[in-house]
Amino acid sequence: MASYMTGGTHPSFLQEVRNAVTGRAALLVVGVLVLQLAFITSYIGAFHSPKPTDIPLGVVAPQQISGQLTEKLGALPGDPLDPRAVGDRAKAEQQIHDRDTDAALIVDPRGSTDTLLVASGAGASLSQAVETVVTRAERAEKRAVKVVDVAPAARGDARGLSSFYLVVGWCVGGYLCAAILAISAGARPANPRRAFVRLAALALYSIASGLGGAVIAGPVLDALPGSILGLWGVGALVVFAVGATTLALQGLAGVLGIGLAIAVVVVMGNPSAGGAYPYPLLPGFWRAVGPALPPGAGTWSARSLAYFGGNALTGPLLVLSAWAVAGTVITFVCAAFRRKTHGLTPS
């Protein structure tokens, strides 16, 4: 009793700290801090100063002035436009619907008002940026501009952001589903059979998640037009690609793989997805990596299905498929290696 009263059995403050915060926990906390700071840097870096750069612009003008006008628009300070001559208005509209260009300027040689074709379905911020740049350039030539939206966003998608938020939701579901599988049964599957079970469960979840998101964004909220089946397919692929990538990273790094997945999908992927600001408005790094990451490929695909008749889907779908296949293969390889090195048998 005397030793207890004198504090002899009480651990020191440093011992309390060591007991309360293990070395592993400390490393995880440091990792969270790094992830948090990377999140702040990535989002502010991508969004703090949007600037139009090399926006693809079709130019329809009489042959005698077409070359000079295209050259002049391409030489604007800051290179906001990437103009290219187009034969006529019909071809210019087709290029916008094919997603080869983001806008088109139709010059009227008999008057002083030209027509600017935009597509707000690709993002209201992009169409507004094109309108601002072209209007300023036309005003310098003492000409006016009439704006025509040839692929307008739906009434329930006023800023053209529904596609982006839909894909963000799908991505969140993908890595959370994979994380839950890890938490419930260990980050690394013990053998290929268990890896197959996890991937099969993820596939079923992806199908349900893709359908649920497509129905909510379409018929329920009337935010996105287009094919429900198409959106369902894209959604299932997005969820599975992100989930399989998360499982693969967990196979490589254990529970730390969840943080790595968040770094890839959330920290790098979301701000570079072309959602709030489409690619021509993003800084160079984010514009370069965005199309190669699941959120960017998913957002482009959803917008193409909703507003552009499903055009220009091949590249983004290949990107999503590559993530899905790579995640699946790495998950199986890690499981097989773990069984071999730890002498585990299928169960």
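**Exercise 1. In which helix is Leu237 found? Work out its surroundings.**

Solution. This is a predicted model.
Step 1: Find the element. Leu237 is found in helix 9, which covers residues 228-253.
Step 2: Check the exposure. Leu237 has a relative accessible area of 22%. Buried means under 20%, and exposed means over 50%. Leu237 is therefore partly exposed.
Step 3: List the contacts. Set aside residues up to four places away in sequence. Leu237 then touches Leu317, Leu320, Ser321 and Ala324.
Step 4: Compare sequence and space. Leu237 and Trp323 are 86 residues apart along the chain. Their C-alpha atoms are separated by 9.6 Å.

**Exercise 2. Describe the chain as a whole.**

Solution.
Step 1: Count the elements. The chain has 13 helices and five strands.
Step 2: Take the overall dimensions. The C-alpha trace spans about 105 × 50 × 35 Å along its principal axes.
Step 3: Set the chain against a compact globule. For 347 residues, such a globule would have a radius of gyration near 20 Å. The chain has 26 Å.
Step 4: Look at burial. Of the 347 residues, 44% are buried.
Step 5: Look at contacts. Take those between residues at least 6 apart in sequence. Of these, 74% join residues at least 24 apart.
Step 6: Look at the surface. The accessible surface comes to about 17000 Å². Carbon and sulfur atoms account for 65% of it.
Step 7: Place the charges. There are 25 positive and 18 negative charges, and their mean positions are 15 Å apart.

**Exercise 3. Where do Lys142 and Ala312 lie, and what is the sign of phi in each?**

Solution.
Step 1: Start with Lys142. Lys142 lies in the loop between helix 6 (124-140) and strand 5 (144-149).
Step 2: Read its phi. The value for Lys142 is positive, about 60°, although this residue is not a glycine.
Step 3: Classify Lys142. Its relative accessible area is 77%, so Lys142 is exposed.
Step 4: Turn to Ala312. Ala312 is found in the loop between helix 12 (294-307) and helix 13 (314-342).
Step 5: Read its phi. Ala312 has a positive phi near 60°, and it is a residue other than glycine.
Step 6: Classify Ala312. Its relative accessibility is 32%, so Ala312 counts as partly exposed.

**Exercise 4. Why is Cys171 not bonded to Cys177?**

Solution.
Step 1: Search the whole structure. The search finds zero disulfides.
Step 2: Recall the cut-off. A disulfide needs two cysteine sulfur atoms within 2.5 Å.
Step 3: Check the distance. The closest cysteine sulfur to that of Cys171 is in Cys177, 13 Å away. No bond forms because this is too far.
Step 4: Check from the other side. Cys177 is in no disulfide, and its nearest cysteine sulfur is that of Cys171.
Step 5: Add the exposure. Cys171 has a relative accessible area of 1%, so Cys171 is buried. Cys177 has 14% relative accessibility, so Cys177 counts as buried too.

**Exercise 5. Is Ser66 buried or exposed? Name its contacts.**

Solution.
Step 1: Locate the residue. Ser66 is in helix 4, residues 63-74.
Step 2: Apply the cut-off. Ser66 has 11% relative accessibility, so Ser66 counts as buried.
Step 3: Find the contacts. Leave aside neighbours within four places in sequence. Ser66 is then in contact with Ala61 and Ala85.

Key
Residues are numbered from 1 along each chain as its sequence is written. This is a predicted model: local features need pLDDT of at least 70, side-chain atom pairs count only at pLDDT 80 or more; totals for chains, interfaces and linings use all residues. Side-chain values use heavy atoms; hydrogens and water are left out. Helices (H or I, at least four residues) and strands (E, at least two) are DSSP runs, numbered from the N terminus. The radius of gyration is taken over C-alpha atoms; the globule rule is 2.2 Å times the number of residues to the power 0.38. Buried means under 20% relative accessible area, exposed over 50%, partly exposed in between (1.4 Å probe, protein chains only). Contact means heavy atoms within 4.5 Å. Accessible areas come from the Shrake-Rupley method with a 1.4 Å probe; for residues, only the protein chains shown count as cover. Lys and Arg count as positive and Asp and Glu as negative; His and the chain ends are not counted. The place of a charge is taken as NZ of Lys, CZ of Arg, CG of Asp or CD of Glu.
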